[in-house]
Amino acid sequence: MNGGKKGSFGKRGAFGAPVEKAKDFKGTWKKLIAYSKTYLPGIAAALIAASLGAALTIMGPDYLKQMTDEIVKGLPALVGGQPFAAGIDFGAIAGIARLLILLYLVAAVLNFTEHFIMATISAKISQKMRTGISEKINKLPLKYFDTTSYGDILSRMTNDVDTVGQTLNQSLDTLARSVTMFVGSLIMMVYNSWVLALTAVATTLIGFLLMAITMKHSKKYFSQQQDGLGDINGYIEEIYTGHAIVKAYNAGTKSKVAFENINAGLYDSGWKSQFMSGLMRPLMEFVGNFGYVAVCVVGAALAMNGTITFGVIVAFMIYIRFFTQPLSQLAQSLQQLQRTAAAGERVFEFFDAAEMEDESHKPKLLSNVKGHVQFKEISFSYDSKKPVIRNFSATIGAGQKIAIVGPTGAGKTTIVNLLMRFYDTNTGQILIDGIPIQNVPRENVHEQFGMVLQDTWLFEGTIKDNIIYCQVGVSDEEVIAACQATGIHPFIKSLPEGYDTVLDDKTNLSVGQKQLLTIARAMIQNSPLLILDEATSSVDTRTEKLVQSAMDKLTQGRTSFVIAHRLSTIKNADLILVMEKGNIIETGNHHELLAQNGFYAELYNSQFS
Amino acid sequence: MIKILKYLTLREWLMSFISLGFIVAQVWLDLRLPDYMSEITRLTQTPGSAMRDVWINGGFMLLCALSSVVASVIVGYFASRIGAGFSQRLRSLLFNKVESFSMEEISRFSTSSLITRSTNDVTHVQMFITLALQIAIKSPIMAVWAITKIAGKGMEWSMVTTVAVLAIILLVSVLLVFVMPKFKMMQALTDNITRVTRENLLGLRVVRAYNAEGYQEEKTLAANDELTQTQLYTNRALVVLMPFMQTLMSGMSLAIYWIGAYLIDAADLTGRLEIFSNMVVFSQYSVMVIMSFMMLIFIFVLMPRASVAASRIHEILDTEPMITDGGVTESLDGHDGEICFKSVSFKYPKGSEAVLHQIDFEVKKGETVAFIGSTGSGKSTLVQLILRFFDTSSGQVFVGGVNVKDYKLSSLLAKIGYVPQQAVLFKGNIRDNICFGDTGRGYVPVETAAQTALADEFIERLEYGYDSPLSQGGTNVSGGQKQRLSIARAIARQPEILIFDDSFSALDYKTDRLVRHNLRTAAKEATVIIVAQRIGTIMDADQIIVLDEGRIVGTGTHLELLASCSVYQEIAKSQLSEEELR
């Protein structure tokens, strides 16, 4: 009879499953405690309630014992060789029963209160963590995301926070209750009969020795099974995703062989780990039954001697359950604490990542910017080993157009990253209207730029929301005007909901249409400087024309930096930056660069031959 | 749920029946324990009984407990073997089935859904079966048997037990009604907060450029609030369960003893002892009855999820692929490498409008044919008909003079080297990725294939060269490198026909040109089909076919089309300047 929490039954086997270990168990718990500071009084109250509830529960069997003894008085006994039975004192029994009912009710209320507090607090802590992660994302430098995958961050936000919440909800109070139950029932047992208490402890110890041995052996199969599951899921994902290729290359047979191999291995580790974890329940039952038998027999012997009353046996039958149950729960909640620490560690790791410098003290110097940009001997490298830009200088007049060209992977976005202060230069300065951009807060720099990227970014919301985005005081007329200028207005009008159409994964916008929407968004922003990333492919000719003319309109009167793929842009740019393998290797205008007959000339000519 | 059981083998059924026997034995043994207890009770309360009898009864009790644990270990052994074996078979059946699917079935189910069905759903079913074999069978037997054992022993006690069972059922049903819908919502709410956060992460640069951090955080906050409220609701509702159960069990024991006192008092002297020992035993049995019901409830809670998983698995296993194998293995003599479309129309099974209308063309061996047109013009669909990823709605496709439907699929595909728009690579090393699948004849040396695709340079710079490992999806090489490997893979199988489905747009102009140049010598025997967006890629093809909204609107060489085809002119003008057009 292992009551326990049924909720944890189906998921990871309560026993034997490999528990993710935190690298720093203590440190993480310290951080977690500090993080939950406001909830500590609540948690303390819950723990006290849990212990009190457990203590009351333990007192129960003792009263049940008294009641049994009252009943036994009604049993026939040999008095002078004649069976004789005294009457049962119903007054006494009713008294005990009333006390017991009170006891049970108070214990129930205490338990309920405690569970309620913990359920509330764990949900609140999870909420706080999720909010924290969401805010942290926007405080981290972009550099952080070069080495961390989005999936990893999302997994911290959902899986890890969930684990922290769930385990907190289950572990701390269980721990308090189990310890109280364990110690309490031990005291009560010794108090009632030390011989029986010894019997109970001895049998339980034997039982748990058995369990420890099984647990130790099952661990291996568990991690094998986890690995096997990971392998097979990975393989299925890979082959299904590449189905067209597997099919076209007749690779079906080979992949089936590989699959069956993994599958057979998984069967082996699968049934073994299932079997091993399945052993726990019968073993627990056996420990219970074994103790039960021992208590009955030894108790009977003692009762026949007259050393104890029969009521003690009745009490012990319940005590043995109170005594064995918390032991397994103790083991469980210790594992839970480990899992809390492991998941919590990943959350705190994210919280502890270095943030961008706080710039709230810097004055917002940039306003009414004309659009004069100067690169002054800037050098930059992503990893401080390989310099990407070395001593680059250039002066760009207001309203000029700068094209950045080069093969894929040449590092064209580096310039964008530096201009927007997504990254800071190592040495040298970038000046806008003569003001170094490091001297003003990042937001002030961002305000000066409109940005249209190749990977169009739209979010779930109406078309209007997507165009206005976070800008305030934009009228409907301005939105429509921007869309008319980009040429997307007729399309939006043709939608049944018009500007209120909600964009989600079901709406089918072409790449070009999405691009037009982001251009409209940049138009509304109306910034003096502009960053444009032209699309390369996947846009049909008609939309491509629209996008071109929309982009041309957008660049009018603005200093613009264009990651260029189109000849028209490149040719009439005031300055072309040619990049290769992360370096700016040539600069100049179209004619100058062709005259150099270098990389640019080769790149340019290779397009048509 | 029941339907899926047909995939159990005879041996597994047999194992199930054997374990059923052991379960019955186990229940019998478990229920014997209180009997001995009652005997011991009688002995202690009967004046003058021998200690020896107590020990004997105790010995039997221990034997029962031991036998019971042995029985349940045996049941556990069978259950885990059956569960693991069953899930292995399901996975294997699913994998083979999905492998046999054509693109039509794949797109009907969607890849991600197929993956979930083959992984998570199988795990759910396995877990349920293993659990059901041990608990779902045992609990009702236990409950019924225990009830029959105590039924005759005291009406009043049975009433108390019944009330307790009813109370549990009532509470759990109420909880299920109120909490279950919220539990189902929880997944959607978690997905919601993931979506909002992913949105923020994907648009990191835009968010910062627009100083929209606060705007995004507010969205997350709203999603977070909603999730937390639901979590609080479910967490708090479940809080009732544990204290309630505990109080109920304790209360039941109390009631049995309290009532017992009256029963004993009412009985005559000789009957009193029996009632007393019955009372002690009854309180044990009633706990067993309640526990059995709890276990059953637990199974009922898990059931819907497993049953949904099972029906999702079933759906796949019951689907027959639309594309069936033919028998022809060789092309007609003298027609090697030829492709011919005869008034082909095509409509996606679910789509209402035809994607291709009356397509007619012929390609001779060694020719290069290019398809160009705006997105949605049907270019990719057209080349996929050659690979028989789909079957035509009307008209015929001939490869090597034979209708593609008459080929043995593997023989048809062995003739073709296909490079898709998105390069797909597999976990393994570079060599295995280039010499991929099965050709039935062998491969071009891997170095030669890599050279032709201009992949040799970067491969040789890698630490382990051609044996360098690729991660799943090839995420450890760049996009351009992936595409070059994907091209090398097509070249390596010495195909009669090479199909490039918009594969060159991931390459820069220079690489694009050089690879095509290399192909002219390395694969001069092969018929080449190119789908492209860039005019530069296809200008020198022997034949260019211009598609617009699923129809052929022009056929000819670059210069012919420039003169005659308005759609082609439009495309050309948007990409090239006047001087370059000439």
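Trainee: Is A:V440 buried or exposed?

Mentor: Bear in mind that this is a predicted model. A residue needs 20 or more other C-beta atoms within 10 Å to count as buried. A:V440 has 21 C-beta neighbours inside 10 Å, so A:V440 is buried.

Trainee: Where in chain A is A:V440 found?

Mentor: Look at β7 (435-436) and α11 (442-447) of chain A. A:V440 is found in the loop between β7 and α11.

Trainee: Which residues is A:V440 in contact with, leaving aside neighbours within four places in sequence?

Mentor: Contact here calls for C-beta atoms within 7 Å. With the neighbours within four places left aside, A:V440 touches A:I435 and A:V445. The rest of its list is A:K362, A:P363, A:K364, A:L365 and A:L366.

Trainee: How many Å apart in space are A:V440 and A:I133?

Mentor: In sequence they are 307 residues apart. In space, C-alpha to C-alpha, the value is 26 Å.

Trainee: Now chain A as a whole. Why is chain A said to be more spread out than a compact globule?

Mentor: Chain A has 19 helices and 14 strands. For 609 residues, the globule rule gives a radius of gyration of 25 Å. Chain A is well over that, so it is more spread out, with a radius of gyration of 37 Å.

Trainee: What does the C-alpha trace of chain A span along its principal axes?

Mentor: Take the trace along its principal axes. The spans are about 130 × 60 × 55 Å.

Trainee: What percentage of the residues in chain A are buried?

Mentor: Chain A has 609 residues. Of these, the buried ones make up 46%.

Trainee: What is the radius of gyration of chain B?

Mentor: Chain B has 21 helices and twelve strands. A compact globule of 582 residues would come out near 25 Å. Chain B instead has 36 Å.

Trainee: Among contacts in chain B between residues at least 6 apart in sequence, what percentage join residues at least 24 apart?

Mentor: Leave out pairs that are not at least 6 apart in sequence. Of the contacts that remain, those joining residues at least 24 apart make up 78%.

Trainee: Which helix gives the largest share of the largest nonpolar core?

Mentor: That core has 252 residues. Among those with the most contacts inside it are A:V295, A:F316 and B:I434. The largest share is 22 residues, and it comes from chain A, residues 252-305: helix α8.

Trainee: How many residues are in the other core, the one with A:I402 and A:L577?

Mentor: This core lies apart from the largest one. A:A482 and A:L516 are also among its residues. Its count is 70 residues.

Trainee: Are α6(A) and α8(A) roughly parallel or antiparallel?

Mentor: Two packed helices are described by the angle and the distance between their axes. Helix α6 (residues 194-241) of chain A and α8(A) have axes 8 Å apart, at an angle of about 165°. Angles over 145 degrees count as roughly antiparallel. That makes α6(A) and α8(A) roughly antiparallel.

Trainee: Is the crossing of α8(A) and α9(A) left-handed or right-handed?

Mentor: Helix α9 covers residues 310-352 of chain A. The axes of α8(A) and α9(A) come within 9 Å and cross at roughly 155°. The two helices are therefore roughly antiparallel. Their crossing is right-handed.

Trainee: Which residues in α9(A) does α8(A) meet?

Mentor: From α8(A), the residues involved include A:G291, A:V295 and A:G299. A:F316 is in contact with A:V295 and A:G299, among others. The α9(A) side is A:F310, A:V312, A:I313, A:F316, A:M317, A:I320, A:R321, A:T324 and A:S328.

Trainee: What is the phi of A:R421 near?

Mentor: Most residues other than glycine have a negative phi. A:R421 sits in the loop between α10 (413-419) and β6 (427-432) of chain A. A:R421 is not glycine, yet its phi is positive, near 60°.

Trainee: Is A:N597 buried or exposed?

Mentor: A:N597 also has a positive phi, near 55°. Its place is the loop between α18 (590-596) and α19 (599-605) of chain A. A residue with 12 or fewer C-beta neighbours counts as exposed. A:N597 has 10 inside 10 Å, so A:N597 is exposed.

How values were computed:
Residues numbered from 1 in each chain as written. Chains lettered and ligands numbered in written order. Predicted model: local features only at pLDDT ≥ 70, side-chain atom pairs only at ≥ 80, totals over all residues. Core = buried A, V, L, I, M, F, W, Y, C linked by C-beta atoms within 7 Å. Helix = DSSP H or I, 4+ residues; strand = E, 2+ residues; numbered from the N terminus. Contact = placed C-beta atoms within 7 Å. Rg over C-alpha atoms; globule rule 2.2 N^0.38 Å. Axes fitted to C-alpha atoms, helices over the stretch in contact; angles between N-to-C directions. Parallel < 35°, antiparallel > 145°, perpendicular 65-115°, else oblique. Left-handed = near helix turned anticlockwise from the far one by under 90°.
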